[in-house]
Amino acid sequence: VILRLEPPRLSISDVGVAFTQLYRKRKVEQTVQVHSNTQNPIAWSAYSTQPWLKVEQSKNARTLSLKANPQNLKLGMHYATVVVRASAPAKNVERIRVGFYINGNIRRINPTVQLTRPQQQSDMVGDPIRPYVYVTANKSLQRYNIYTGEKQIIEDLGQEPSALTISSDGRFLYVADASDYSIRIYDLKNEEIAQIWHGPFFETSVAGPQLQLSYARINGQAILINNGFYAFNAQNGNILRRFKAVTGPGQECCKDNLPYIGLSRDGTSLYALERAENSHELYHFTLQYSHIKDVGLQIKQTGFTVEDGLALDLAVSPDGAEVCTVSTGAKVFQCYYGDAVTPSRSIRLTAQPNNIEFGAFGDIYAAAGANDGKKPKIWRFNALSGKTDHQFRLGGEVNERQMLISSDELSIITLSQDSQSLSFLSVR
């Protein structure tokens, strides 16, 4: 009998952190979780590569506090790396990339910018360490500063850039090309295309603007998952798993319409929301990654539940324990814990929502476009109380699945296809 044991490893909950210092608003502190894959704790040490960033280990060695000091720093972007080194028996090193944006000239966060050559269905993703949002718009990728509205167009990312996702350390941007279903990896540090993975990676002829990508790190391994139920090694494009969503023997979901997917920050929980006219199903998968040879990525469907109406959006909590959904026909959003078939909570609103998002610290944001004669609005629900603690008025329509919360949680980003504009709202 040969017994193979998983190598002991240390892992960090957030390998990308964004700090911001504006005139009156700032985020300069964050605590990250430190995990191990063993029952016994693993000793570790940490240091920062820049003097403006201080790090402090908690007494129980389960968290690491980061604090940035803007004193004597110039306006603009500053970068630092926090190196976390595990002691024996673990041997791995984790690195946290930290971006610090300083602009004391910004007194209010409310720019609205016009998109260049907008397309029928754009995708957008926020940068985890910089004050940027990336938007696909008809054969180009557009980058916007969420505080100034400054724009940059990134060319040569395929004939029809569609779905976007970004590595959790802010190093690589992944862009799906709907013309041939290939995936291009853009190096944001060196501003160049690093790799091209040639497809097709979707098994449907109707994928088009429905393509979606999600990124996560599982037990230290970078994983990319698309809503065609492919899982890739995010470093080299090798397919790790092709899996399915099923409701019973021979009953496979989503052959004609790709689902919406949501992945937890640590990659251990994946949810897929079916797109169907009258009722739809929500699927839950658990993921594990083993560094033992020939084991690799394991994906298991653990449950599903049925909801009424046409699915519009879903959001997964940072720890993956909870998923919230919005659908047509009801002025509510519903949340489920794990494999529960009945909602753990159902929050009633004054209008039908079409967007749902979790903030980095667990707050829930729900948005409603202009319907029932009411103006577009966003509600924020406090992570601790579960009650509304703020409402935001929108100047224009917000489209389905077109809302983001910035990584520093100071700004809400919404995209309107009707007005062909991108808007930014102050959160705090």
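How much surface does the protein expose, and what share of it do carbon and sulfur atoms supply? About 19500 Å² is exposed, and carbon and sulfur atoms supply 45% of that. Keep in mind that this is a predicted model.

Let's start with the overall build. The protein has zero helices and 39 strands. Its C-alpha trace spans about 65 × 60 × 45 Å along the principal axes. Now a quick check on packing. For 428 residues, a compact globule would have a radius of gyration near 22 Å, and the protein has 21 Å, so the two agree. Of those 428 residues, 55% count as buried. Next, contacts. Take the ones with a separation of 6 or more: 53% of them join residues 24 or more positions apart.

On to the empty spaces. How many cavities of 30 Å³ or more does the structure hold? Three. The largest cavity has about 90 Å³ of space. It is lined by 17 residues, and Asp127, Arg130, Pro131, Ile146 and Ser407 are the closest to its centre. Strand S2, residues 16–21, gives the most to this lining, with three residues. By class, the lining of the largest cavity has ten nonpolar, four polar and three charged residues.

The second largest cavity holds about 70 Å³. Its lining includes Tyr271, Leu282, Phe304 and Asp339. Strands S27 (279–290) and S28 (296–308) are the elements that give two or more residues to that lining. Seven of the lining residues of the second largest cavity are nonpolar, four are polar and one is charged.

Now a pocket. The second largest pocket has a volume of about 440 Å³. Around it are 22 lining residues, with Asp169, Tyr215, Arg217, Ala222 and Gln235 nearest its centre. Four strands give two or more residues each: S9 (93–102), S16 (172–177), S19 (213–218) and S20 (221–226). Which of them gives the largest share? S9 does, with four residues. The lining of the second largest pocket divides into eight nonpolar, eight polar and six charged residues.

One last stop: Ser385. Look in the loop between strand S35 (377–381) and strand S36 (388–393). Why does Ser385 count as partly exposed? Its relative accessible area is 45%, and partly exposed means between the 20% and 50% limits. Ser385 and Asp363 are 22 residues apart along the chain, and their C-alpha atoms are separated by 9.7 Å.

Conventions: Residues numbered from 1 in each chain as written. Predicted model: local features only at pLDDT ≥ 70, side-chain atom pairs only at ≥ 80, totals over all residues. Heavy atoms only, no water. 1 Å grid on protein atoms, 1.4 Å probe; cavity = no way out; pocket = protein on both sides within 12 Å on 5 of 7 lines; lining within 4 Å. Points joined across faces, edges and corners; volume = space filled by probe spheres on them. Nonpolar A, V, L, I, M, F, W, Y, C, P; charged D, E, K, R; others polar. Rg over C-alpha atoms; globule rule 2.2 N^0.38 Å. Buried < 20%, exposed > 50% of the residue type's maximum accessible area, 1.4 Å probe, protein only. Contact = heavy atoms within 4.5 Å. Areas by Shrake-Rupley, 256 points an atom, 1.4 Å probe, with all protein chains shown as cover.
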